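User: I am new to this structure and would like a close look at a single part of it.

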Amino acid sequence: MEIRKFTLSIIVMNKFGVLHRISGLFSKRGYNIDSLTVNVMPEDERMSRIIMTSSGDDATREQIIKQLEKLHDVKEVKLI
Amino acid sequence: MLDASSKNQNQHETMSGAAILIETLINHGVDEVFGFPGGAVLNIYDELYKHRGKIRHYITCHEQGAAHAADGYARATGRPGVVIATSGPGATNLVTGIATAYLDSSPVIAITGNVALPLIGKDSFQEVDIAGITMPITKHNYIVKDINELEDIICEAFQIAQSGRPGPVLIDIPKDIQIQKAAFKGGKARPLFPLPPINQSSIEEAAKLINESKKPYIYAGGGIISSRAAAELMAFADKIDAPIGSSMMGLSAVPYTSERRLGMTGMHGTYASSMLGAESDLIIGIGVRFSDRATGDKSKYQENTKILHIDIDHSEIDKNIKSYTSVIGDIKEILPRLTEMVDQRTFKKWKDVAAEYKKIGKECSRGLNEDGLHPKNIIKTVRQYANDDTVVATDVGQHQMWTAQYYEFTKPRTFLTSGGLGTMGFGMGAAIGGAVGGKKRSILFTGDGSFHMNMNELATAVMHRLPVVVIIMDNRVLGMVRQWQKLFYEEHYSNTTMDRVTDYVKVAEGFGAAGCKAETMQELETALEKAFATDGPYVIDCIIDKDERVLPMIPPNGSIDNIITN
């Protein structure tokens, strides 16, 4: 399967350790993080938007999205 | 003048964090907890003392035992199991127990104390970042940093642990939060989180696939038990006339008396389950994750068959094995809808094939000493003393596989075993949790290797007068590792020949329990008579052959072509 780069927009609750949860999920499951930025959402400071680029085949990309969606503090995951 | 919200607040009683915790547990129906006290949970234990008429605490010898007991309690009852431990080593001692619960989707609530907030991050005495440590092995976890959030966090933890696919949740409560006071809003249990609606077209597609199949095969797992869908599974299987192979976690969902039952699938699965799986044209995986131990070589596994995957956890779909189609949602709701939509079938030929393979399976894989104190005979004899509701726990290794192969399970939630993590030392705690949750005698099948890991919990069973019958399959070696060394490592028995001189009868007596040794079937029967009449734990040391193997066996990453039957 072809390895491709992709970018995810992840909206999370600004709770304790949320970045640790996301990065921990990637290392635990052996996914790559190529780049990552986090910004508090101006419209609602209780939340942050994480923009992350990663790489993998189609199956890996689908798994990453599904695993992220399972985290309690993750509210939305979008492929952009 | 009071505004509405502060007036409302004043109506609530003010309580310490520790009191809020215990009251909230009680209001969630928790009347039994496991744990071990310490400096950072003294306030919680003080509240347990004050609430001792409403909530009973079972102290173990080691926090790991308490975690396994809470897990065993959850598996046996279907209700969350609660474990309490102090900060630092108390908390880290829970880790194996939490990971065990996580891998087997067991709803455990772990509560740890921590040092006071101003001391966190200072490498204080008995300080550890347990939330950081347990992030990868919990569904979710918390550090409570504001007393006003404590009650909501506890209520939410119960929701998370039980909603969708169950799993463990940890709440770390610093000591000052336990002492501080806040308004208590009643700590009532909240409804579980709703699941997304089941996609109707996915059910229609699944029904179409099933109707096209001529050799359907059901592979049923622990999800059947979590969803309480054993009856729905049987109704579905009856309508499509399919045999049922089980993952180890799903074994107790299919009664041994059922004609459809093939027994366990996978590495040490029955001959019939492996052969039928390989020859089927459609594998219907229900509440399973297609683990490597179950599938072996994945490319071979699905060479001639389509996969229909039904699960509550959408991330399981296409994780380990690519499905042809899938249905996501609660099995208990999906199966009746699917059953209604599929055609009533009868597959005479497919049934004959199943019967034939079952017959061959019985004849092959004979043990070394099948007339004497052989694991199969031990397990079948113990079964005669138990009843259908008896909870059976195991440790990990050969004895675990033999129990999975030979014990005749009838009812869901009667088999407590570490399927995913494979935790040696799980059994003693789990059997205690099973006896507490089931409020009756439980059985532990263990090996001499596993028993040495957490045998200290025998003292716990004695202390709380819990009737746990401990059957040690004593071969003086680490049998499963030895089996691999024999088959794949040129009989280099590296560090598996223990030949420990432990006297298990004296061990039992030393802890205040009773026990005896059995070298023949007759001695076993005599021992079981005593064991099942004893008010407390009873240990039976069964001497078995060290070269006895678990068969059949499909080598790791192998397929049916590589099956070893003798």
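User: Which are the buried residues of H18(B), and what do they pack against?

Analyst: This is a predicted model, in which local features need pLDDT of at least 70, side-chain atom pairs count only at pLDDT 80 or more, and totals for chains, interfaces and linings use all residues. Residues are numbered from 1 along each chain as its sequence is written, chains are lettered from A in the order in which they are written, and side-chain values use heavy atoms, with hydrogens and water left out.

Helix H18 of chain B spans residues 375-385; helices here are DSSP runs of H or I with at least four residues, strands are runs of E with at least two, and both are numbered from the N terminus. The helix is mostly covered, since eight of its eleven residues are buried, where buried means under 20% relative accessible area, calculated with a 1.4 Å probe on protein chains only. The buried residues of H18(B) are B:Pro375, B:Lys376, B:Asn377, B:Ile378 and B:Ile379, together with B:Thr381, B:Val382 and B:Arg383.

As for their surroundings, these buried residues pack against two helices of chain B, H19 (398-406) and H25 (521-531), and also against three strands of that chain, S17 (442-447), S18 (468-474) and S20 (538-543).

Terms used: Buried < 20%, exposed > 50% of the residue type's maximum accessible area, 1.4 Å probe, protein only. Contact = heavy atoms within 4.5 Å.
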